[in-house]
Amino acid sequence: MNLPTPAVVAERSTHPIPRWALLLLCAAYVLPGLFGRDPWRNADLTAYGFIASIVQGHAPWLQPAIAGLPADGGLLPYWVGALGVKLLPFLEPAVAARIPFGLMLAAVLALAWYSCLHLARTEAAQPVAFAFGGEAHAVDYARAMADGCLLALIASLGLLRLGHEITPEILQLLGITLFAYSLAAVPFRQWKARAAMLAALPILATSGAPAVALALAVGALWLSYRSTYEDARKFLPWILGAMVLAALVAWPMHGWAWRVRASERSLLDWLRLTGWFCWPVWPLAAWSLWRWRAHLMRRHIAVPLLAALVPLITSLLMGADDRALLLALPPLAVLASFALPTFQRSASALLDWFSVFFFTAGAIFLWLYYTALQLGWPPKLLANVRKLAQGYEPEFGLLTFVLALMGTIVWLGLVRWRTARHRHAIWKSLALPAGGVALAWLLTMTLGLHPLNYARSNKPLVDRIGAHLPKEIDCIAAPTLPTHALAALEFQGHWRVDATQDLSSTNCSVAISVQADGSPIPPNGWRVLGVVRRPTDRFATYLVMQKER
């Protein structure tokens, strides 16, 4: 039964974005941050520590470890990063490890584009045919929708930081986007769809998300079984094969680990996180579900809805975990694109003006801080930086300045283009949000790169600790330190670190412990060599101690 479609799209509304402009936007989004920055603390630095343990021979490939603590979850991300370092020996190791993850982010953007393209080509997704012609052609309509999907994904706030790290979640993001692409491409690209499915579920399983892979597979089996496309029904054995393969490869790769645990975070906390993390794709996706509510079981809605629901539920079960929520962004972007043909002009204008105000204000803010660091004006902003990052000394980079200036000029040109006159392209509402997010990331990774490196890296902490250590030490005992601090000591300080034994039983002559507050009191048998704080941390105190003879 053919249901009426809510999409009313004229031929003039399907002009695609020029390919050079789309590629330039993707480059401005993917490339900044790949070069010139240290691994930032917490997950980014921890992942680099496991990669470095393999590269430097501190741990075997099957058991990467930091200070004797083994990696938790799938091993594939650490193997990918280690191969990047091995294959690019002429680059600084942290940069070489980051290159494969940057390529994976680019692949996620491309796969999301193609997923939407194939789904928009299905019969149920086509717009209304006009009585006297002039409606959008199927291929032009699909390309314009795919452009809108890509803009929606780039505009997603949650992808901005987490998408540029070297963590296992990037491989999981690639896996779920491959999964969505495989289901979308089945009626049009059979062998590519089969290869994508056979890769997608094992990638998810070997990067720490085997349960997500199996849940997606179950949903895909159901969708394929009830599909009206014969090629989709023939896809069932391939989904089963990928499901079995994912379950099997997760065992030797240490992928099976229970990560659903009790949390104090409530449903309200999860809703708050989702509200900003998935902006602006979640309101657009919700609008798509409402306008296409009679088509919920059609492929163009059911496929991205399945791929989004699994990580959304996973994030809720994991106590409002933002890294699990990251996996929902590509399918939500696909869903969001199907809101564009039904969008009202008033809502489009509201999104445009919000983007202009928000991102222009953010750009002015970053330029003012940069001016304060370089010229000392405004003095109050410079005082704020000095207070927050004690000991920081600014430096000027000509290349970063030129790139930031060019990006700002392009943004002003985009604003002028969008506000000069009404544009008919259906993707027009997402041009400013995507351009604004790309500008924000570009300015952050150019104007703010040096101070952020100082604030987010553990290198200043390592330098301060090194000033208190004896010249000759056998190893450092650090059983209470967080994993990212252990990684910094081991692979930025180049000391041998042991976190597996208590201070009472360790053979190391030097120890470091963290103390949240109070006066530095060493345990029995140890004396304090120095008290260290990270320049941007007001609370945590690191005690550098030596064993009493």
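Two residues are in contact when heavy atoms of each lie within 4.5 Å. By that rule, among contacts in the protein between residues at least 6 apart in sequence, 75% join residues at least 24 apart. The model is predicted.

**Overall build**

The protein has 23 helices and 7 strands. It counts 549 residues, and 54% of them are buried. The C-alpha atoms fill a box of roughly 95 × 60 × 45 Å along the principal axes. How does the radius of gyration agree with that of a compact globule? For 549 residues a compact globule would have a value near 24 Å, and the protein has 25 Å, so the two agree.

**A helix pair**

Two packed helices are described by the angle between their axes and the distance between the axes. Take helix H5, residues 138-155, and helix H16, residues 329-337. They pack at an angle of about 135 degrees. Their axes are 8 Å apart. That angle makes H5 oblique to H16. The crossing of H5 and H16 is right-handed.

Which residues make the contact? From H5 come Met145, Gly148, Cys149, Ala152 and Leu153. From H16 come Leu329, Pro330, Ala333, Val334, Ala336 and Ser337. By class, the contact of H5 with H16 has 9 nonpolar residues and 2 polar ones. It has no charged residues.

**Backbone exceptions**

Most residues other than glycine have a negative phi, and most peptide bonds are trans. Some places in this model depart from that pattern. Two cis peptide bonds come first in the table, followed by two residues with positive phi.

| Site | Value | Place |
|---|---|---|
| Trp279 to Pro280, cis | omega near 0 degrees | Pro280: loop between H12 (267-277) and H13 (281-291) |
| Trp377 to Pro378, cis | omega near 0 degrees | Pro378: loop between H17 (345-375) and H18 (379-388) |
| Asn42, positive phi | phi about 80 degrees | loop between H1 (19-30) and H2 (43-55) |
| His494, positive phi | phi near 60 degrees | loop between H23 (483-491) and strand S4 (497-498) |

In each cis bond listed, a Trp leads into a Pro: Trp279 into Pro280, and Trp377 into Pro378. Pro280 sits in the loop between H12 and H13. Pro378 sits in the loop between H17 and H18.

Asn42 is not a glycine, yet its phi is positive. How accessible is Asn42? Its relative accessible area is 39%, so Asn42 is partly exposed. His494 is also a residue other than glycine with a positive phi. Is His494 buried or exposed? With a relative accessible area of 61%, it is exposed, because exposed means over 50%.

**A residue in helix H17**

Helix H17 ends ahead of the loop that holds Pro378. Val356 lies in this helix. Is Val356 buried or exposed? Its relative accessible area is 13%, and buried means under 20%, so Val356 is buried.

What does Val356 touch, leaving aside its neighbours within four places in sequence? Its contacts are Ala361, Trp411, Val415 and Leu432. Arg418 gives a further distance for Val356. Val356 and Arg418 are 62 residues apart along the chain, and their C-alpha atoms are separated by 9.9 Å.

Note on methods:
Residues numbered from 1 in each chain as written. Predicted model: local features only at pLDDT ≥ 70, side-chain atom pairs only at ≥ 80, totals over all residues. Heavy atoms only, no water. Axes fitted to C-alpha atoms, helices over the stretch in contact; angles between N-to-C directions. Helix = DSSP H or I, 4+ residues; strand = E, 2+ residues; numbered from the N terminus. Parallel < 35°, antiparallel > 145°, perpendicular 65-115°, else oblique. Left-handed = near helix turned anticlockwise from the far one by under 90°. Nonpolar A, V, L, I, M, F, W, Y, C, P; charged D, E, K, R; others polar. Buried < 20%, exposed > 50% of the residue type's maximum accessible area, 1.4 Å probe, protein only. Rg over C-alpha atoms; globule rule 2.2 N^0.38 Å.
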